[in-house]
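Q: Please take me on a close look at salt bridges here, with the cut-offs spelled out. I'd be glad of some context on the surroundings too.

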Amino acid sequence: MSSSELATPSMMAATTDWPAPVSHIPKDVFLRPEIFEQELKTIFYGDEWMVVGHSAEIPNKGDFKTFAVGHVPLIINRDQNGAVHVFFNSCTHRATQLETASLGNRKSFECPYHRWSFSLTGELIGTPNKPGDYPEYFERANFPLKSPKMAMVHGLIFVSFGNPPPIEEYLHGWIDQIAEVMGGDGNLRLLGYQKVVFKANWKTFTDNDSYHAPLLHTAFRMLNWQGGRGVQMTDKRGHRGYVSELSLPKSVTMLKDPSLIEHRSTGDLSRASVNVRFFPLSGLTRHLDSINLRFANATAVDSTEVHYAYFARLDDSEELVRQRIRQSSNLLGPCGMVSMEDAAVFHRVHIGSNTPGAAVFLKGMKDEYTLNDTYTQNDETSNLPVWDRYCEVMGFHRKAR
Ligand code: FES
Ligand SMILES: [Fe+2]
C-alpha cells in the first residue's frame, strides 16, 4: 500500500498565503477542509512514522486494540507466539471493517459480512462456501490481511504508509528521552485510558506550548512551573521535547491530600516533567509519577481524538502503582487538574481562527525572521521549527521579506 493509494482522488494541491516572519501562522490553515485533505495525503499517509500504540496495551497472546491514522482503520494485535502485528482493519473480500471494539482478545478475526476469518498472523483461514461458490483461480493464500510498514522502539508502535527513513534515523536524538519518559525502558503495564475528542484542528493540539502551562492551568502554578529551570529541544524533523523542573509547594492549600503531588519514582525534581512530541502528532509525557502516552488522530479538520494511555512499570511496588494511578487519574487528561482547561482553550482557538490575519508567537522570540535553537522552559518559540517542517512537507512557502 502506498500513500498515493490512500490519497483523496483528484485533489488539487492546496496553497495559502504564508507571511514572511517565521513567527506568524496564517489562521486559515486550521480551518480549510482542502488543506486537511492534503495533510492526510502528504503527511499522515506520507513518509512519516505515526505512533499508534504501545505493546503494553496488548500484553497477552490474542490481545488486540483498534486505532486509526486519519480515516485509515488499523488493528494492532499480539499473535500466539507473542509477536506484535499491525493490520489494516479491513476484510480483504469487500473491505468490511473487521473489529470495532477498542480493546479485545481473539483467537482469530472473523468478518461479520460473509464470515471470512483470518489468523492472528493475518492469513485467510476460513471462507464458508460450497463447491463452485468461488472461481477456480481463487486461492486463500492471495487474500491475507494487509499491513502498513511497522517499527517498535521501547514498545512504542509506529506505522507508516509511505517510504519513511529507518526508525532509528527518524527518532535520532530522542530515543533516550523516550525511555526516560517511560522510566527507563518499555517494560510497562497499562493502567487505563482517558479518551477525549477535541473540537479543534490537530495542529492546535500539537501546537500546545510550554508558555501556557502556569497561566492556563492553576495546578501548574501550584507546582511552580513558571519558576522552573527546564529546557526545550527541537530538531529539523519537527520533533520537540522538554525537560522541566517542578518544585513542590511548602504548604498546599489547594488540595485536601498533598501527597497527591509527591514525586516518588525518581526523586529528581529537576527532571520531574519529561516530554517528547513527535511530528506530526502524538507524544509522551511524564509529569511527576504519571507515565502518559498520548495516541492522537486527526479525525477531521475540526476534530482531534486523543487517547491518553497511562502506565506503571512492571517492576513497580504496589505502593508506587497506587501513586501512579492517583496522579494519572487526577492530573492529566480531559478531567485532570493540570490539563482539563486545554479542551476549552483549543476549541476557543478554533473558533477564534475564523478571523483575518495570523496567529503570532512572541514569548522567547529574538528576531521574527529567524528560528531560535535554544529555549527556556516557558518559551513558545520551540513550536516554530515544527511549523517550519510542516511548511516544508506541505510545500508552503513564506512570502519574501
Ligand atoms: S466483506 Fe468480509 S467476508 Fe465479505
Ligand atoms: Fe495544557
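**Salt bridges and their setting**

A: Let's start with D257, which counts as partly exposed at 37% relative accessibility (buried means under 20% relative accessible area, exposed over 50% and partly exposed in between, with a 1.4 Å probe and protein chains only). This is a predicted model, where local features need pLDDT of at least 70 and side-chain atom pairs count only at pLDDT 80 or more, while totals for chains, interfaces and linings use all residues. Residues are numbered from 1 along each chain as its sequence is written, chains are lettered from A and ligands numbered from 1 in the order in which they are written, and side-chain values use heavy atoms, leaving out hydrogens and water.

The partner of D257 is R326: their side chains form a salt bridge, 2.7 Å from N to O (the rule asks for a side-chain nitrogen of Lys or Arg within 4 Å of a carboxyl oxygen of Asp or Glu). This pair links distant parts of the chain, 69 residues apart: D257 is in the loop between β14 (240-244) and β15 (273-277), and R326 is in helix α7 (residues 318-331). Helices (H or I, at least four residues) and strands (E, at least two) are DSSP runs, numbered from the N terminus. R326 is partly exposed, its relative accessible area being 25%.

Next comes the C-terminal side of helix numbering, with D388 and R398. Their closest N and O atoms are 3.2 Å apart, a salt bridge. D388 belongs to helix α9 (residues 384-394) and R398 to the segment after α9, so the pair ties together parts ten residues apart in sequence. D388 has a relative accessible area of 29% and is partly exposed; R398, at 24%, is partly exposed as well.

Helix α9 also holds E392 and R389, three residues apart, about one turn of the helix. Their side chains meet in a salt bridge at 3.1 Å, N to O. Here E392 counts as exposed at 56% relative accessibility, whereas R389 is buried at 11%. Elsewhere, D28, R32 and E34 are joined into one network by salt bridges that share partners. The search of the whole structure finds 20 salt bridges.

How many of these bridges run between domain 1 and domain 2? The count there is zero. The chain is divided into domain 1 (24-45 + 186-394) and domain 2 (51-153), with bounds from an automatic or database domain assignment. The contact takes 20 residues from domain 1 and 15 from domain 2, contact meaning heavy atoms within 4.5 Å. Together the two domains bury about 1,300 Å², 65% of it on carbon and sulfur atoms; buried area is the accessible area (1.4 Å probe) that two parts lose on being put together, summed over both. In domain 1, Y45, F295 and N297 lose the most area to domain 2, together 37% of what that side buries.

On the domain 1 side, α1 (33-47), β12 (188-198), β17 (290-300) and β18 (303-313) each supply at least two of the residues touching domain 2. The largest share, six residues, comes from β17. By class, that side has twelve nonpolar, five polar and three charged residues, where Ala, Val, Leu, Ile, Met, Phe, Trp, Tyr, Cys and Pro count as nonpolar, Asp, Glu, Lys and Arg as charged, and the others, Gly among them, as polar.
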